[in-house]
Amino acid sequence: MRTIVVTGGTHGIGQGLVEHYRARGDRVIAIGSTAVPGDDTIRADLTEAETVRGLAGALPERIDALVMSAFRYSPVRAETAAGLEYTFALYVLSRFLLVEALLPALERAPSPVILSLCGSGAGRPPRWDDLQSRRGRFRALDTTLRGAYANDLLGTAFPIEHPSARTRYVLYNPTMVDTGLSRAFDGPTKVLVDVASRLFATPVPRALPPIVRLIDAPPDAPVTAFRAGRPTRVARGADDPASALRLTAALRALAP
Ligand SMILES: NC(=O)c1ccc[n+]([C@@H]2O[C@H](COP(=O)([O-])OP(=O)(O)OC[C@H]3O[C@@H](n4cnc5c(N)ncnc54)[C@H](OP(=O)(O)O)[C@@H]3O)[C@@H](O)[C@H]2O)c1
């Protein structure tokens, strides 16, 4: 029996993975900000750095797989209690802090893996002088795409910062999956996203098998990127070690 932690395990792709592994008899712990807490479900707002760090003490001492699927599309600019832009805090900072906090538990497993569900390969480089999207009009899609690139950088940084880790880091872009994407919108945009989902999005059960294969048999390389099950490259420039370490330094400074 393996122990699998799934952030965002209460909805969408994360929930699909939770159900898959529970049915298989593994110990699965789901994390969501509105979840009803229970033996195997934790309510935690991952935009709070201290909450993320505290999870290490609430989770088992050995973790075989960490799936990072928590995400929320924020159409307007919102800030966390610490004054950070919401998408950045959840999609970027929380993933970095969670990996740092749970790495000791992962390293105790025989074949540990981190699988980060993100937009690998499709992002835009960070605006280094405006990581909190304070300047100009807030554009939610742009902020999300910069978060996707930052996730690629986190993958690049991982083996540099943890050269002796056995844990494998997998960046996984599921492409469009029907998880109720229109929830974040209203008016004509909601209708458009609904129609696009019906036409182009993959149902969750069909999106899961390639993800499950990577969790069950992690790749040999320390960091890899996949797009809908196929190997891909991280976004252009996101394999640059200097940029990757610049990001992790910025994240450490934001949540010392
Ligand atoms: N679906 C797609 O088409 C698509 C495409 C490309 C990439 N992805 C990536 O795949 C991942 C999963 O996407 P999805 O569509 O399956 O997501 P989803 O259905 O919207 O589910 C998001 C999950 O994140 C949790 N969450 C949101 N804010 C949180 C917070 N502050 N703290 C803790 N948990 C929080 C939600 O639970 P609560 O509401 O209880 O907090 C929920 O369980 C995301 O990282 C996304 O970037 C998805």
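Q: How do helix 3 and helix 7 lie to each other: roughly parallel or roughly perpendicular?
A: This is a predicted model. In it, helix 3 spans residues 86-107 and helix 7 spans residues 241-254. They pack at an angle of about 90 degrees, with their axes 11 Å apart. An angle of 65 to 115 degrees counts as roughly perpendicular. Therefore helix 3 and helix 7 are roughly perpendicular.

Q: Which residues in helix 7 does helix 3 meet?
A: Helix 3 brings F88, V92, L93, F96 and E100 to this contact. On the side of helix 7, the residues are L247, T248, L251, R252 and L254.

Q: How many residues of the contact of helix 3 with helix 7 are nonpolar?
A: The residues of this contact divide into three classes: nonpolar, polar and charged. Two are charged and one is polar. The nonpolar residues number seven.

Q: Is strand 1 mostly covered or mostly open, and how many of its residues are buried?
A: Strand 1 covers residues 3-7. In a regular strand the side chains alternate between the two faces of the sheet. On one side of strand 1, T3, V5 and T7 are buried, and on the other I4 and V6 are buried too. Strand 1 is mostly covered, and its buried residues number five of five.

Q: Which residue in strand 2 stands opposite T7?
A: Strand 1 and strand 2 (residues 27-32) run parallel and are joined by five bridges. Helix 1 (residues 12-23) completes a right-handed β-α-β unit with these strands. Opposite T7 in strand 2 stands I31.

Q: Which residue in strand 4 stands opposite V6?
A: Strand 1 also runs parallel to strand 4 (residues 65-68). Four bridges join them. Opposite V6 stands V67.

Q: Which helix makes a β-α-β unit with strand 5 and strand 6?
A: Strand 5 (residues 113-117) and strand 6 run parallel, joined by five bridges. One bridge pairs V113 with R168 in strand 6. The unit is right-handed, and its helix, residues 140-161, is helix 4.

Q: What is the bridge partner of Y169 in strand 9?
A: Strand 6 pairs with strand 9 (residues 223-227) in the parallel sense. Five bridges make up this pairing. In strand 9, the partner of Y169 is V223.

Q: Why is strand 6 largely enclosed by the rest of the structure?
A: Strand 6 runs over residues 168-173. A residue counts as buried under 20% relative accessible area. Strand 6 is largely enclosed because its buried residues number five of six.

Methods: Residues are numbered from 1 along each chain as its sequence is written. This is a predicted model: local features need pLDDT of at least 70, side-chain atom pairs count only at pLDDT 80 or more; totals for chains, interfaces and linings use all residues. Side-chain values use heavy atoms; hydrogens and water are left out. Axes are lines fitted to C-alpha atoms, for helices over the stretch in contact, and angles run from 0 to 180 degrees between N-to-C directions. Helices (H or I, at least four residues) and strands (E, at least two) are DSSP runs, numbered from the N terminus. Angles under 35 degrees count as roughly parallel, over 145 as roughly antiparallel, 65 to 115 as roughly perpendicular and the rest as oblique. Contact means heavy atoms within 4.5 Å. Ala, Val, Leu, Ile, Met, Phe, Trp, Tyr, Cys and Pro count as nonpolar, Asp, Glu, Lys and Arg as charged, and the others, Gly among them, as polar. Buried means under 20% relative accessible area, exposed over 50%, partly exposed in between (1.4 Å probe, protein chains only). Two strands pair if DSSP finds at least two bridges between them. A crossover is right-handed if, with the strands pointing away from the viewer, the path from the first strand over the helix to the second runs clockwise.
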